[in-house]
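Q: Could you take a look at this model with me? I have a few questions about helix packing and internal space.

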Amino acid sequence: PRSGGIAMMVGIFTGFGILQTPLVIVLPAAVLTATSYVDDVRGLPIPFRLATHLAAAAAFAFAALPAMTLPLLVLIVLGILWLANLYNFMDGSDGLAGGMALLGFFFLSAAAWMSGDEALLIACAIVAASAAAFLLFNFPPARLFMGDAGSVPIGFLAAALSLAGWRDGDWPLWFPVLVFGPFIADASLTLVKRIVAGERFWQAHHGHYYQRLVRLGWSHRSTALAEYALALACGAAALWSLRQPLYLQLIAILGVVALHAALALWVDSAWRRRKDRQ
């Protein structure tokens with residue numbers, strides 16, 4: 001039950017096999033799935049896990065984006081590495097990571113449809129469909145959990161398919177950042193805050209915004225539904241602005257950033273009031 005992501009990935013790889021998705025995407029995802037499953041079952045040292053994640057990210061970046069300069073490739077590798085791990089960090093509440101995968105890859109597939117990229121449309125839809133099936137068992141109260149075997153490769157696929165669409169001209173790079181904005185904003189802001197505070201940011205913690213909502217008394221169901229609403233708002237804004245003039249795209253980006261900032265300040269304020277009462 002704690003490695004239900006294996007079922008998701010079997011479904012995804014089956015679909016990718018039928019679609020004949022390029023091996024540059026499939027093989028790194030398969031390595032991450034196998035390694036993460038072993039980590040779920042037996043536990044693996046952090047340096048080994050990170051080395052595997054880095055190798056998978058580098059293998060995809062250097063094979064799929066050969067025209068990029070080396071400095072840009074390094075940044076891309078670090079971005080893939082971060083997205084794979086932040087997806088794992090955000091998989092800590094029933095229904096959260098599964099719902100974000102469903103909605104995030106749905107919006108990617110919708111944008112691929114708008115661009116006429118049939119192969120990318122189907123690849124993203126395969127991941128969304130697998131997430132939907134998983135969510136039937138993971139929505140609160142959960143009976144099945146994603147585990148590293150699902151969260152890490154799903155995070156990698158979010159990065160890889162997003163970069164493939166950017167490479168092929170289906171969307172600008174800001175589009176998938178907005179689509180997966182709730183996860184990226186929560187994990188990234190939490191990481192920065194922990195570094196500034198001098199905490200051991202590489203260790204497990206309960207400081208993510210979604211975790212604070214649960215500790216403030218929100219149920220897992222309410223937290224998941226609130227995150228779904230935020231993801232729908234971000235995805236809809238991103239999809240709408242995709243074919244709009246540049247100034248409207250900028251307004252949409254700033255609007256999503258302002259929304260996340262306002263929500264973060266609201267949760268921080270509620271958290272401080274809770275601590276003051278204790």
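A: Below we go through a helix, a cavity, a pocket and a single residue, bearing in mind that this is a predicted model.

Q: Let's start with α3, then: how many residues does it have, and how far does it reach?
A: Helix α3, residues 46–64, has 19 residues and reaches 27 Å from its first C-alpha to its last, which is close to the 27 Å expected at 1.5 Å a residue.

Q: And which residues of α3 are buried?
A: The buried residues of α3 are Thr52, His53, Ala56, Ala57, Phe60, Ala61 and Ala64. They cover an arc of only 155° around the axis, and therefore sit on the same side of α3.

Q: Why would residues with that kind of spacing point the same way?
A: An α-helix has 3.6 residues a turn, so residues three or four places apart point the same way.

Q: What's exposed on the other side of α3?
A: On that other side, Pro47 and Ala63 are exposed.

Q: Which helices do the buried residues of α3 pack against?
A: They pack against α2 (23–41), α4 (70–89) and α7 (148–167).

Q: Switching to cavities, how many are there of 30 Å³ or more?
A: The count comes to one cavity of 30 Å³ or more, and about 30 Å³ of space lies in the largest cavity.

Q: Which residues line the largest cavity?
A: Its lining consists of Leu32, His53, Ala56, Ala57, Ile80, Leu81, Ala84 and Phe156, with α3 and α4 each supplying at least two residues. By class, the lining of the largest cavity divides into seven nonpolar residues, one polar and no charged. His53, Ala56 and Ala57 in this lining are also among the buried residues of α3.

Q: OK, pockets now: what volume does the second largest one have?
A: The second largest pocket has a volume of about 410 Å³. Of the 20 residues that line this pocket, Gly79, Leu83, Leu163, Leu173 and Val177 are the closest to its centre.

Q: Which helix gives the largest share of that lining?
A: The largest share of the lining of the second largest pocket, nine residues, comes from α4, while α4, α7 and α8 (174–179) each supply at least two residues.

Q: And by class, what's in the lining of the second largest pocket?
A: The lining has 18 nonpolar residues, two polar and no charged ones.

Q: Last one: where does Ala129 lie?
A: Ala129 lies in helix α6, residues 118–138, and is partly exposed, with a relative accessible area of 47%. Ala129 and Ile12 are 117 residues apart in sequence, and their C-alpha atoms are 8.6 Å apart in space.

Methods: Residues are numbered from 1 along each chain as its sequence is written. This is a predicted model: local features need pLDDT of at least 70, side-chain atom pairs count only at pLDDT 80 or more; totals for chains, interfaces and linings use all residues. Side-chain values use heavy atoms; hydrogens and water are left out. Helices (H or I, at least four residues) and strands (E, at least two) are DSSP runs, numbered from the N terminus. The expected span of a helix is 1.5 Å times one less than its number of residues. Buried means under 20% relative accessible area, exposed over 50%, partly exposed in between (1.4 Å probe, protein chains only). The arc is that of the directions from the helix axis to the C-beta atoms. Contact means heavy atoms within 4.5 Å. On a 1 Å grid over the protein atoms alone, a cavity is a set of points where a 1.4 Å probe fits but cannot get out, and a pocket is an open set with protein on both sides within 12 Å along at least five of seven lines; lining residues have an atom within 4 Å of a point. Grid points are joined across faces, edges and corners, and a volume is the space filled by probe spheres set on the points. Ala, Val, Leu, Ile, Met, Phe, Trp, Tyr, Cys and Pro count as nonpolar, Asp, Glu, Lys and Arg as charged, and the others, Gly among them, as polar.
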